[in-house]
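Biologist: I am new to this structure and would like a close look at one part of it, a pair of neighbouring strands. Please then place that part in its surroundings and go on to the rest of the chain.

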Amino acid sequence: MEEVEKRAGRLVIVSNRLPVSVERTEDGFAYHPSVGGLATSLAALREQQEMLWIGWPGLTTDDPAEQAEIEERLRQEFNALPLFLPPETFELFYLGFSNRTIWPLFHYFTQYAHYEVKEWEAYREINELFAQKLSEIVQPDDRLWIQDYQLMLLPMMVRRRHPEVTIGFFLHIPFPSSEIFRILPWREAVLEGLLGADLIGFHSFNYARHFFSSLLRLMGLEQEYSQVIVDGRPVRADTFPLGIDVERFRSAHEYPAVQHRVAELHQQTQERKIVLSVDRLDFTKGILERMKAFEAFLLAKPEWQEQVSLITLCVPSRTDVPEYASLKRQVDEMVGRINGRFGRPGWVPIWYLYRSLPFEELAPLYLISDVALVTPLRDGMNLVAKEYLATRADGTGVLVLSETAGSAEELGEALIVNPHDREEIVAALNRALTMPVEEQKTRNRPMLERLKRYDTRRWAEDFLSQLERMRRIRPRYQQKSLEGERWEALLEAYRQAERRLLLLDYDGTLLGFVSRAELAEPDEELRSLLRRLASDSRNTVVVISGRDHVTLQSWLGDLGVHLVGEHGARFRWKDSTEWELVSDAAGDEWQEQIRPVLEVYVDRTPGAHLEDKGTSLVWHYRMAEPELGSIRAMELMNTLEGYIVNTPLHVMQGNKVVEVKPSEVNKGRAARRWLRTEPHHNFILAIGDDVTDEDTFSVLPEGSWAVKVGAATQSRAGYDLPGPEDVRRLLAAMLETASKT
Ligand code: ADQ
């Protein structure tokens, strides 16, 4: 792994809340640094590099003198820069869109998610205010690390203003399945916002998978090796499970204050078994469901009555949001009801604490509890599970953990339960309370080892070294970009040349993709561009396409360009009206063999269809459901490979197509016909977007301009252009340059 020390530039952490909150008191402002969570995770890095933290300080003041005072103190003592946000907009942004739209939706609580345009606008506005503030201070070699769901639009807002800066983003909550995510009315805007980052981090592999699936379904962006290409820039999404400060929890039992409290608690619990749960009071944590399961346990296993208590520790959270206030009432009621039903003098079934506890009081609870019952209905990670295991330095204790918490991916040796399955929880509780100490240790040991290895510091370092890698590889993608000096050099070479050859692919190069192949008719702008290029006597213009020759003839036959169709199987000189067939392209026999195979895949894939080009057979899946389409394409490729061994056929996967054709036929071979003409061309430009164009690129002589459209995949071409609009812009610029001479 890379050394953090060696990295240049500042690390700028951006989060909604600063890790220190400012409070107005009678004696001026009080500053409370927050402990735990992200603040601790990143504290270690502060010693190794210059670090600045930007966010809301917890209060807002309009008074410039007060602002200056707070700013100065935060800068000096905490390396923090406060953002004073307008209270009304902040409320709509925070209590509104962040906590009543994104939070419930991303945790699969669609019934709680509501969608208000006003709140969405406030969300955008606050993200914009963050972007403005960053603009004032950001330097080109800074690395920004933006945190969490309140700031999902910020990466792109910063990218637009500062294309060169390195941006990381980490999402602390789940990224839901694309079926849930697509409910959000502003889904594309959110995806686009995130794509401003170079690296997007998630807690779990599944969240990254859901993210890529949303990119594919909603934006048509295909991933390759966990990366997508956005405006010629690679964007990576990967998994970085957040850890905890293991040493802090592991050594807790050594503190006298903790030991003292443990002794006290033991006395109070009178050696009864203790089951513990610790959460923010949030509907995602499954607090009510857990208490009901505990009640069911007491009913199903009456022998445990008076022998076990459940300690439920809840931190007050988002009390201004109505759903949370109502949950608080329900929890209060349920505790009262269960204690009323089962309690006896000397035994309270549920001990309910509604407050935040300092570390010295939280650690003793972990230490005296026989079982940690961590059953959120949905949780991005859940650190309580990890803290419990780490605090139990002797390896005892049983963790019952929900399969819908991100941490379940790492803590597989725990008793994993479905939080909605009350019977399963009852059984797990019984098993946990009776588990032999040896088994407890055997289960906990590997989990503890994993927690030690991937602790909070390693998490941050891992993310930052991946971010560093993205910063390093970005130029490799951009260095091929045909913009700026290279664009000018191409135009100059074109202007000076007397014999120019232009080899142009059609679909995806001169024209964007459309849903059905027959709809890709050239518009007037394109026809005029081609006509004008062809009418310059210094130019030889060849359109080399995979399309069938009849279509090419009707669309482009009157423009004075040479035409190659069916990937080189047929061609037509510009002055001729006849199409010629390349000798080895013909053959009905192989088509009879292959056609039924393709037909099966048409039947099995709604939306797919078969095209017969005469010289090749094509299975199209652009209209199929994207993921099914990709899977079927892969299966079909495998099947066909089996059919064509030892035949002169070739199968290739192009843009949403699988095509079978004679292997001797390809665009490169077709291009040679013009490359060989004497005297030689002194300016050669080839532009194409898919694998079939690689054959053209591969036969070009040195000094030619090979341009790949869309940089998603590796290419032989030396230059990239983002899309067909840019190709047209280039062709128009060539015409204009030539007209000046
Ligand atoms: P949270 O939803 O807050 O965090 P969690 O990961 O469990 O959930 O973190 C809770 C933290 O608060 C723990 O460190 C815990 O010790 C502390 N805590 C809880 N109750 C407490 C109490 N009464 N007194 C004192 N401390 C208490 C969000 C996501 C999670 C994700 C984290 C980190 O919802 O899924 O794990 O961010 O990315």
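Modeller: In this predicted model, M652 stands opposite E659, a residue of strand 25. The two strands concerned are strand 24, which covers residues 649-654, and strand 25, which covers residues 657-662. They run antiparallel and are joined by six bridges. Another of the facing pairs involves G654, whose bridge partner in strand 25 is V657. Strand 24 and strand 25 make up a hairpin with two residues between the strands. In this hairpin, K656 takes a positive phi near 60 degrees.

The hairpin belongs to a wider arrangement. Four strands form an open sheet, with antiparallel pairing and the order 22-23-25-24. Strand 22 (609-612) and strand 24 are the edge strands, each pairing on one side only. On average, and with direction ignored, neighbouring strands of this sheet are turned by 15 degrees against each other. A helix lies against these strands: helix 21, formed by residues 589-604, packs on the sheet. Helix 21 touches strand 22, strand 23 (617-620), strand 24 and strand 25. The direction of helix 21 makes about 5 degrees with that of strand 23.

There is also another open sheet to consider. Eight strands form it in the order 21-20-19-18-17-26-27-28, and here the pairing is mixed. Its edge strands are strand 21 (580-581) and strand 28 (719-721), and each of them pairs on one side only. At the end with strand 28, strand 27 (residues 705-709) pairs with strand 28 in the parallel sense, over three bridges. One residue pair can be picked out here: the bridge partner of K708 is D720, in strand 28. On the other side of strand 27 in the order given, one finds strand 26. The loop between helix 23 (667-675) and strand 26 (683-688) holds P679. The peptide bond that leads from E678 to P679 is cis, and its omega is near -15 degrees.

The remaining topic is the ligand. Its shell consists of 22 residues, and the closest are H172, L357, D379, M381 and E387. By class, this shell divides into 11 nonpolar, five polar and six charged residues. Strand 11 (273-280), strand 12 (308-315), helix 13 (359-368) and helix 14 (383-391) each supply at least two residues of the shell.

Several polar atoms face the ligand. A backbone N or O atom of L357 lies 2.7 Å from a nitrogen atom of the ligand. A polar side-chain atom of D379 lies 2.5 Å from a ligand oxygen atom. G380 takes part through its backbone, with a polar atom 3.0 Å from an oxygen atom of the ligand. On its own, the ligand has 710 Å² of accessible area, and the protein covers 84% of this.

Two of the elements that supply the shell, strand 11 and strand 12, also border loops with a noteworthy backbone angle. Q270 is placed in the loop between helix 10 (256-269) and strand 11. Although Q270 is not a glycine, its phi is positive, at about 50 degrees. R318 lies in the loop that runs between strand 12 and helix 12 (322-342). R318 likewise is not a glycine, yet has a positive phi of about 45 degrees.

How values were computed. Residues are numbered from 1 along each chain as its sequence is written. This is a predicted model: local features need pLDDT of at least 70, side-chain atom pairs count only at pLDDT 80 or more; totals for chains, interfaces and linings use all residues. Side-chain values use heavy atoms; hydrogens and water are left out. A residue is near a molecule or strand if one of its heavy atoms lies within 4 Å of it. A polar contact is a pair of N or O atoms within 3.5 Å; within protein, one must be able to donate a hydrogen and the other to accept it, and residues adjacent in sequence count only if both atoms are side-chain atoms. Accessible areas come from the Shrake-Rupley method with a 1.4 Å probe; for residues, only the protein chains shown count as cover. Ala, Val, Leu, Ile, Met, Phe, Trp, Tyr, Cys and Pro count as nonpolar, Asp, Glu, Lys and Arg as charged, and the others, Gly among them, as polar. Two strands pair if DSSP finds at least two bridges between them. Axes are lines fitted to C-alpha atoms, for helices over the stretch in contact, and angles run from 0 to 180 degrees between N-to-C directions. Contact means heavy atoms within 4.5 Å.
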